[in-house]
Amino acid sequence: MTQKHKTEGFVFKKSESGESDIIFSVFTKDFGKIDVKGKAIRKINSKLKLGLDLSYFSEIEFVQGKSQKILTDATAIKTPKIFLKTPKKTEIIFQICSLLDGFIKGQEEDKKTFELISEVFDRLYDFSLKEEKYQTIYQYFFWNFISLQGYCLQVKQCAGCHEKLDPDNVYFSTKEGGTICQNCFLNDKKAKKVDANVIKIIRIMLSRDWDTL
């Protein structure tokens with residue numbers, strides 16, 4: 001008997017397959033990134049199309065076929081339709097989808113990244129949030145997402161000598177992968193000086209302190 005799997009996920013990419021199928025790339029709570037085929041989902045009478053589409057949060061059910069996962073059921077939890085009158089939010093959503101598509105390749109459970117995606121979309125669904133804060137949401141997602149993928153920026157101390165940073169003399173070094181002090185800057189002339197307030201904001205983002213941010 002074929003085993004059915006059930007989970008929640010965010011659809012960050014889709015591509016047509018054959019005459020009426022769609023392959024969905026979904027970042028799920030229990031499996032990480034999966035590609036699942038919606039058979040005949042482009043047909044008018046398909047029940048599955050109501051439950052799954054690009055940038056949907058959905059509860060999905062699937063089985064493992066010979067070569068790929070096959071969608072058997074889908075129920076929409078959150079959809080982007082509510083954002084149609086706020087194109088700036090829609091822009092942020094597609095930026096997030098693009099980032100996920102660029103970084104996430106293989107299947108691996110990653111509950112922390114799923115929780116981050118869920119948190120960010122809860123904030124996007126807050127209609128009391130002013131438009132000038134939308135880009136802040138994306139930056140919050142970006143810095144924490146790349147940190148979870150193993151590219152955490154060193155901003156708490158010098159990435160070169162590990163000494164405490166002087167707020168008035170902070171530099172960013174691609175060579176060291178983070179902020180460096182003035183002494184280490186002498187050995188890396190390609191480093192760029194950074195405003196101390198920028199570093200403070202990134203620290204707040206990485207601490208996931210949304211209220212302060």
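## Overall layout

Helices and strands are taken here as DSSP runs, numbered from the N terminus, with at least four residues for a helix and at least two for a strand. On that basis the order of elements from the N terminus is β-β-β-β-β-α-α-α-β-β-α-β-α. The total is five helices and eight strands. The model is a predicted one.

The protein has 213 residues, of which 43% count as buried. Its C-alpha trace spans about 65 × 40 × 25 Å along the principal axes. Among contacts with a separation of 6 or more, 53% are between residues 24 or more positions apart.

## Nonpolar cores

The largest nonpolar core has 35 residues, and L100 and F141 are the members that touch the most others. At least two residues of this core come from each of β1 (4–17), α1 (87–103), α2 (111–124), α3 and α5 (196–206). Helix α3 supplies the largest share, with eight residues. When neighbours within four places in sequence are left aside, F141 is in contact with I96, L99, L100, L116, I117 and V120.

Another core lies apart from this one. This second core has 13 residues, including I34, I41, F62 and A74.

## Helix packing

Helices α1 and α2 pack with their axes 11 Å apart, at an angle of about 170°. Angles over 145 degrees count as roughly antiparallel, and α1 and α2 are therefore roughly antiparallel to each other. On the α1 side the residues that meet α2 are K89, I92, I93, I96 and L100. Their partners in α2 are I117, V120, F121 and L124.

Helices α3 and α5 pack at an angle of about 70°, and their axes are 9 Å apart. That angle makes α3 roughly perpendicular to α5. From α3 the contact involves T136, Q139, Y140, W143, N144 and S147. From α5 it involves I202, M205 and L206.

## Aromatic pairs

A pair of aromatic rings is described by the distance of the centres and the angle of the planes. Rings of Phe, Tyr and Trp are paired here if their centres lie within 6.5 Å. By this rule there are 12 aromatic pairs. One of them joins Y138 and F142, with 6.3 Å from centre to centre and 40° between the planes, and this pair is tilted. Both residues lie in helix α3 (residues 134–148), where Y138 and F142 are four residues apart, or about one turn of the helix. Y138 has a relative accessibility of 11% and counts as buried, whereas F142 is partly exposed at 23%.

F142 also pairs with W143. The planes of these two rings are at 85° and their centres are 5.4 Å apart, so the pair is edge-to-face. W143 counts as buried, at 19% relative accessibility; the cut-off for buried is under 20%.

Elsewhere, F10, F57, F114 and F121 are linked into a cluster by ring pairs. Y125 has a charged group over its ring: the charged end of K78 sits 5.2 Å from the ring centre.

## Two buried positions: N169 and I199

N169 is in the loop between α3 and β6 (171–173). Its relative accessible area is 17%, so N169 is buried. Not counting neighbours within four places in sequence, N169 is in contact with I180, C181, Q182 and K193.

I199 belongs to helix α5. With a relative accessibility of 6%, I199 counts as buried. Beyond residues up to four places away in sequence, I199 touches V155, V170, T179 and V194. The C-alpha atoms of I199 and Q154 are 9.8 Å apart in space, while the two residues are 45 residues apart in sequence.

Definitions and conventions. Residues are numbered from 1 along each chain as its sequence is written. This is a predicted model: local features need pLDDT of at least 70, side-chain atom pairs count only at pLDDT 80 or more; totals for chains, interfaces and linings use all residues. Side-chain values use heavy atoms; hydrogens and water are left out. Rings of Phe, Tyr and Trp (its six-membered ring) pair if their centres lie within 6.5 Å; planes under 30 degrees apart count as stacked, over 60 as edge-to-face and the rest as tilted. Buried means under 20% relative accessible area, exposed over 50%, partly exposed in between (1.4 Å probe, protein chains only). A charge sits over a ring if NZ of Lys or CZ of Arg is within 6 Å of the ring centre and within 35 degrees of the ring normal. A nonpolar core is a set of buried Ala, Val, Leu, Ile, Met, Phe, Trp, Tyr and Cys residues joined through side-chain atoms within 4.5 Å. Contact means heavy atoms within 4.5 Å. Axes are lines fitted to C-alpha atoms, for helices over the stretch in contact, and angles run from 0 to 180 degrees between N-to-C directions. Angles under 35 degrees count as roughly parallel, over 145 as roughly antiparallel, 65 to 115 as roughly perpendicular and the rest as oblique.
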